[in-house]
Amino acid sequence: MKPGPTSKSTRIVIVDDHAGIRESLRTLLESEGDFQICGEAENAAKALDLIAGKKPDIAIIDISLKGAIHGLELTRQLKHLHPELTILVLSLHAEAQFAFGAITAGAGGYLSKSEAGEFLHIALETILSGKTYVTPEMQAKMDRTREENPDRRTI
Amino acid sequence: MPQGANKSGEGKSRKIPPLSLRPSDPVQTDEGELARARLAEIEAFYNTAPVGLCVLDTELRYVRINERLAEINGVPVADHLGHTIREVLPELADQAEPWLRDVLETGEALRDVEITVETHGEESGERTRVENWYPMTDAGGEVCGINIVVEDVTERKRVEEELAQLNAELEDRVEQRTLELNTANRELRQKIVERQRLEAEIVAITERVQSRIGQDLHDDLGQQLSALGMLASAIERDLRRDAHPKSDSIARLNGMIKQAIDTTRGLAKGLYPIELEKGGFLIALEELARVTQAFSGVECIVRGKATFPLGETAAIHLYRIAQEAVNNALKHAAPRRIIIDCTTVTGVPTLTITNDGLPFKKPRSRRHGLGLHILEYRARLLGAEITISPGPDGGCKLTCSLARHAR
């Protein structure tokens with residue numbers, strides 16, 4: 001997606017305790033599309049301040065933040081404080097239960113870090129349009145899990 | 001010839017006369033010869049009998065005595081005849097007289113009378129005898145004397161006492177040995193408890209170390225590789241946009257990084273099954289099956305999916321049992337297929353891991369069978385029982401029954 005003259009850049013905050021991941025995400029986001037990184041935070045407390053100040057369109061949040069508040073709890077708090085904020089939860093885990101957790105907490109999408117290189121842009125575009133995003137592979141896993149545990153809450 | 005002997009039977013005609021107190025009395029009948037021969041026979045037997053024999057008259061005088069009793073009394077035969085027992089052995093008389101008089105008065109026999117007296121013959125010293133007293137009657141039915149059988153039981157008593165002594169000593173020793181065994185047993189029990197404690201500690205430490213390494217692998221190495229992967233993806237996008245000739249190379253690099261991430265995740269999971277923390281024992285098993293299949297190429301599936309009422313610690317032990325069984329199958333059995341089954345057999349949660357490879361062989365030594373040993377140890381902690389039997393399609397089947405968790 002090339003930035004058109006009328007399009008307004010999507011402003012993104014990255015929340016991850018791993019500096020290497022933040023740097024790579026930044027590079028990856030800048031490599032394509034009209035994304036502007038307006039801030040980075042390595043923990044939930046800083047993320048809350050940063051997001052309150054910068055009012056970004058999207059927050060990319062690592063599920064396993066170090067400190068008192070982990071990624072899912074931060075997602076819940078942010079959705080409560082800023083209902084208009086769209087959140088993509090990023091994680092090292094490729095299991096369905098984490099995706100369920102993220103979506104239930106209020107995230108618009110869930111992406112494992114190993115899939116980010118390939119699917120980050122489409123994930124961001126999908127959740128910006130108001131839809132929920134997980135990779136097709138993850139969707140299949142989630143469907144399987146739901147079949148086996150029909151009592152689990154659906155997304 | 002003793003004085004005052006009873007003569008009442010004398011002169012009467014009878015086929016076999018009663019044993020006379022005076023054996024040398026003439027018998028005036030035709031059968032006299034035969035009777036005398038009989039009497040001589042009896043006399044010979046009497047004199048040579050291996051037990052002491054004597055006859056007392058009503059005054060308790062020795063009428064007759066054989067060699068053996070003379071020997072027991074320590075007094076020659078001749079010194080007995082015609083003398084009372086008091087004259088011969090006053091000490092014996094002290095003890096025996098009242099009873100002997102009883103026999104004379106009542107006409108009833110008295111058996112097994114044990115008497116100990118000091119004698120001065122060949123077998124001198126304190127000697128114990130058992131006497132049997134039988135009243136003798138004359139033709140008129142009157143008691144005319146006492147027929148006595150004496151057995152010297154000194155030796156037997158000594159042996160009996162020794163035996164009793166030995167028995168007592170034996171009992172003492174048995175008691176002593178029992179005490180020692182009890183002590184040894186207690187010490188052994190303590191050692192067993194200590195060993196179990198150490199085993200538990202080893203397993204706990206192993207668990208902690210594995211978790212640490214697993215978490216570090218996942219969180220640190222995983223993050224770094226993920227960051228690398230994203231960078232590579234970014235570069236790949238740039239190169240593709242410019243149709244750069246190296247874009248395929250960077251795509252391959254990206255693919256390799258993804259593989260490295262998968263490997264790291266697999267290793268981390270083996271060391272630290274995060275699903276278990278979330279209570280997902282079956283999910284963890286499925287992940288184990290998936291990772292096993294992905295890394296070994298051996299088909300690995302979870303077939304029975306019964307849920308077990310397990311706490312987190314129990315779940316970790318059971319998961320490790322499954323993991324060890326799967327690893328052992330891969331390592332030793334060269335199977336084509338490994339099946340993990342969670343079933344409930346008559347109310348008892350049962351985990352089985354079946355492979356279709358080579359038959360199970362017992363490890364050569366304890367050192368070689370360490371995995372198996374730890375496996376059994378975990379089972380003990382779970383209150384579970386592990387059995388290994390041949391599988392239905394070759395290979396073997398490891399069954400872990402959690403009787404303690406039965407519903």
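Cys54(B) stands opposite Ile148(B) in strand 5 of chain B. Six bridges join strand 5 (residues 143-152) to strand 1 (residues 52-57) of chain B, and these two strands run antiparallel. Strands here are DSSP runs of E of at least two residues, helices are runs of H or I of at least four, and both are numbered from the N terminus. Two strands pair if DSSP finds at least two bridges between them. The model is a predicted one, in which local features need pLDDT of at least 70 and side-chain atom pairs count only at pLDDT 80 or more, while totals for chains, interfaces and linings use all residues. Residues are numbered from 1 along each chain as its sequence is written, and chains are lettered from A and ligands numbered from 1 in the order in which they are written.

Strand 1 and strand 5 of chain B belong to an open sheet of five strands with the order 2-1-5-4-3 and antiparallel pairing. Its edge strands, each paired on one side only, are strand 2 (62-65) and strand 3 (110-119) of chain B. On average, neighbouring strands of this sheet are turned by 30° against each other, direction ignored. At the strand 3 edge, strand 3 and strand 4 of chain B are joined by eight bridges in the antiparallel sense. Glu118(B) has Glu126(B) in strand 4 of chain B as its bridge partner. Strand 3 and strand 4 of chain B form a hairpin, with five residues between them. Helix 5 (residues 90-106) of chain B lies across strand 1, strand 3, strand 4 (125-137) and strand 5 of chain B, and runs at about 160° to strand 3 of chain B. Such angles run from 0 to 180 degrees between N-to-C directions, with axes fitted as lines to C-alpha atoms, for helices over the stretch in contact.

Chain B also has an open five-stranded sheet in the order 6-7-8-10-9, and its pairing is mixed. Here strand 6 (299-305) and strand 9 (385-390) of chain B are the edge strands, each pairing on one side only. The twist averages 15° from one strand to the next. Strand 6 and strand 7 (residues 337-345) of chain B pair in the parallel sense over five bridges. In this pair, Glu299(B) stands opposite Arg337(B) of strand 7 of chain B. Helix 9 of chain B packs on the sheet and touches strand 6 and strand 7 of chain B, its direction making about 160° with that of strand 6 of chain B. Helix 10 of chain B lies across strand 6, strand 7, strand 8 (348-355) and strand 10 (396-401) of chain B, at about 15° to strand 8 of chain B.

These two helices also meet each other. The axes of helix 9 (residues 281-296) and helix 10 (residues 312-333) of chain B come within 11 Å and cross at roughly 20°. Helix 9 of chain B is therefore roughly parallel to helix 10 of chain B, a term for angles under 35 degrees. The crossing is right-handed, meaning that the near helix is turned clockwise from the far one by less than a right angle. Helix 9 of chain B contributes residues including Phe281(B), Leu285(B) and Leu288(B), and helix 10 of chain B contributes residues including Tyr319(B), Val326(B) and Leu330(B). Residues are in contact if their C-beta atoms, placed from the backbone, lie within 7 Å. By class, this contact has nine nonpolar, three polar and no charged residues. Ala, Val, Leu, Ile, Met, Phe, Trp, Tyr, Cys and Pro count as nonpolar, Asp, Glu, Lys and Arg as charged, and the others, Gly among them, as polar.

In total, chain B has eleven helices and ten strands. Of its 407 residues, 29% count as buried; a residue is buried if 20 or more other C-beta atoms lie within 10 Å of its own, exposed if 12 or fewer, and partly exposed in between, with C-beta atoms placed from the backbone.

The contact between the chains takes 21 residues from chain B and 18 residues from chain A. On the chain B side, helix 6 (154-241) and helix 7 (247-271) each supply at least two residues. Helix 6 of chain B gives the most, with 14 residues. The chain B side divides into seven nonpolar, nine polar and five charged residues.

Helix 6 of chain B also holds Ile202(B), which is exposed, with 12 other C-beta atoms within 10 Å. In chain A, helix 4 (residues 96-105) is mostly covered, with eight of its ten residues buried. Among them are Phe98(A), Phe100(A) and Ile103(A). Just after helix 4 of chain A, Gly106(A) takes a positive phi of about 120°.

Note on methods:
Two residues are in contact if their C-beta atoms, placed from the backbone, lie within 7 Å. Angles under 35 degrees count as roughly parallel, over 145 as roughly antiparallel, 65 to 115 as roughly perpendicular and the rest as oblique.
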